[in-house]
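Trainee: Could you take me through one part of this model slowly? I'd like to start with a single proline and then see what else is worth a look.

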Amino acid sequence: MTIKKLLLLLLVSVCSLTSCKPGSNENNTPDTPATIKLKSQSVAENEVLTAGEQTIQLVFDKMVKLQNGAKITLNDSMLIPQVEAMNVSFVVELAFATQYTLTVPAGAFVSVLDTTVKSEAVTIHFSTGEKPAQLPFQLGLGWNLGNQFESHINGVAGETAWGNPACTQATMDGVKAAGFTWVRIPVTWMGHIGEAPAYTIEEAWMNRVAEVVEYAHQAGLKAVINIHHDGADSKYWLNIIAARSNEEKANEIQQELVALWTQIATRFADAEDWLMFEVMNEIQDGSWGTGKPNEYKVMNAWNQACVDAIRATGGNNATRWIGCPAYNTNLTAALNGWEKPNDPANRVALAVHTYDPYNFTLECSQNTWGTDAEKNHISNYMKSINDNFLNKGIPVYIGEMGCCKRENADDEQYRCNYLNYFAKAAKQYGISFALWDNGSWGPSGKGGKESNLFIHHATGQYPEPAAQTAVEALVSGYK
């Protein structure tokens, strides 16, 4: 027998003994390709999550990478995962009271070491809870008694210091009749504060503030009072420039804030939910910017201290609504660094202001308004409040907005259009806001820069037909 024949016989024998057949194993069944298995997930099946931004994590049993063209969805929305070794995460924005299905199809991920090894399908069902109440009492559409109690000369606040007449019961009655539901009463306290450590507020000044607050109550209006120009441009005692780089100074200012709010809250402890406190105004360094991390840190500490001081006075202050501003009452600053104070009553709202576009609303160097881009800017501002705060259970109100009177009567229609559109955009999300009224028609007496007189500050009447038309445009937009 030749060597070739001997080798052939040996090969046939071995194959017959071992069932050596292509595509078969010892059980004569097809090979099962290796599969990437899910080891764990951060969201359980049928779990109820909190609305807002959430991160969903999946952990596989092998190091993976995303397969090209993989379509991973949350309901109808495509998701792009972040992949690191065996960990896969998805950052998602969840709405209230919604059912969700996360769908990861088979083969969406493959092994880093062998791309023929693919992941199994993953499907997770979950939901979000109901939206909490924004404000048990909706502030609604408000009006600012501006350039009144926050006015000051030579470091001393005075109700008529900047030329407005004294407020009367008729003022608030007129505000109510015009269609407003709340009034913001800005108050500057400097010049009426005693020495440290008591920082006692002058009784006459406190009593006059209380008298005007009661005017609002008697008119059927809700009221908001604050600490206002004590922090204007960091020129006075409420100085964030001094505080942002000096912890001792920050603490000293905080002690004064606590002393003032302890006294103010005590004075109004019996007032019911128609009264709200706003702890500060536009605290900023004079540049009117969006602030820096060290300034956010100071603002957050001051807000917390004020909330604690108010709650400690008891009475109705234990559950009173409190407004806490972002740095410069700026929405971008709020997104960057505002922290909601810890509050046992869970009744703290974020306070912001907006005068966009400034050249149109305050500077009056722009007389027309209404392009698609200008409208979208307002709509996006409201949507940002809704998406980033309201949908996460954080109440927000706009303490100031406004638009100056035009000297040219033909341009007044643009002001009315702006006010009406702003009100509609806010109403869409249930956002409360207050119109800025400084009682002035500007240096010319006919309108222009900083001319925001809508309702006479003593009589409560419209000073002219154009003011009534503007207010009616605002009120109709909020219905």
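Trainee: In which loop is P357 found?

Mentor: Before anything else, keep in mind that this is a predicted model. P357 sits in the loop that runs between β21 (348–353) and α8 (358–361). Have a look at the bond leading into that proline: D356 and P357 are joined by a cis peptide bond, with omega at about -10°. There's another spot to check for the same kind of thing, since the peptide bond from A196 to P197 is cis too, with omega near 0°. P197 belongs to the loop between β17 (182–185) and α3 (203–218). While you're looking at loops, stop at N46 as well, which has a positive phi of about 65° although it isn't a glycine. You'll find N46 in the loop between β2 (38–41) and β3 (47–49).

Now on to the pockets. The largest pocket has a volume of about 910 Å³, and 32 residues line it. E282, W288, N328, Y355 and L362 are the ones that lie nearest its centre. As for helices and strands, the elements giving two or more residues to that lining are α7 (331–337) and α9 (372–388). By residue type, the lining of the largest pocket splits into 11 nonpolar, 15 polar and 6 charged.

The second largest pocket holds about 240 Å³ of space. It has 13 lining residues, and E247, A250, N251, K297 and V298 come closest to its centre. Here α4 (240–244), α5 (247–267) and α6 (293–312) each supply at least two lining residues. The largest share, 5 residues, comes from α6. The lining of this second largest pocket divides into 5 nonpolar, 5 polar and 3 charged residues.

Two of those helices are worth following further, as they also pack on each other. The axes of α5 and α6 come within 8 Å and cross at roughly 30°. Angles under 35 degrees count as roughly parallel, so α5 is roughly parallel to α6. Their crossing is right-handed. On the α5 side, the residues that meet α6 are A250, I253, Q254, L257, V258, W261, T262 and A265. Their partners in α6 are A301, W302, A305, C306, A309 and I310. Sort the residues of this contact by type and you get 12 nonpolar, 2 polar and no charged. A250 turns up in both stories: it is among the residues closest to the centre of the second largest pocket, and it is also part of the α5 contact with α6.

For another helix pair, go to α10 (residues 412–428) and α11 (residues 465–477), which pack at an angle of about 25° with their axes 7 Å apart. That angle makes α10 roughly parallel to α11. Once again the crossing is right-handed, this time as α10 passes α11. From α10, the contact takes in E412, R415, C416, L419, N420, A423, K424 and K427. From α11 come A466, T469, A470, A473, L474, S476 and G477. The contact of α10 with α11 divides into 7 nonpolar, 4 polar and 4 charged residues. Set the two contacts side by side on screen: there are 4 charged residues where α10 meets α11, whereas the contact of α5 with α6 has no charged ones.

Methods. Residues numbered from 1 in each chain as written. Predicted model: local features only at pLDDT ≥ 70, side-chain atom pairs only at ≥ 80, totals over all residues. Heavy atoms only, no water. 1 Å grid on protein atoms, 1.4 Å probe; cavity = no way out; pocket = protein on both sides within 12 Å on 5 of 7 lines; lining within 4 Å. Points joined across faces, edges and corners; volume = space filled by probe spheres on them. Helix = DSSP H or I, 4+ residues; strand = E, 2+ residues; numbered from the N terminus. Nonpolar A, V, L, I, M, F, W, Y, C, P; charged D, E, K, R; others polar. Axes fitted to C-alpha atoms, helices over the stretch in contact; angles between N-to-C directions. Parallel < 35°, antiparallel > 145°, perpendicular 65-115°, else oblique. Left-handed = near helix turned anticlockwise from the far one by under 90°. Contact = heavy atoms within 4.5 Å.
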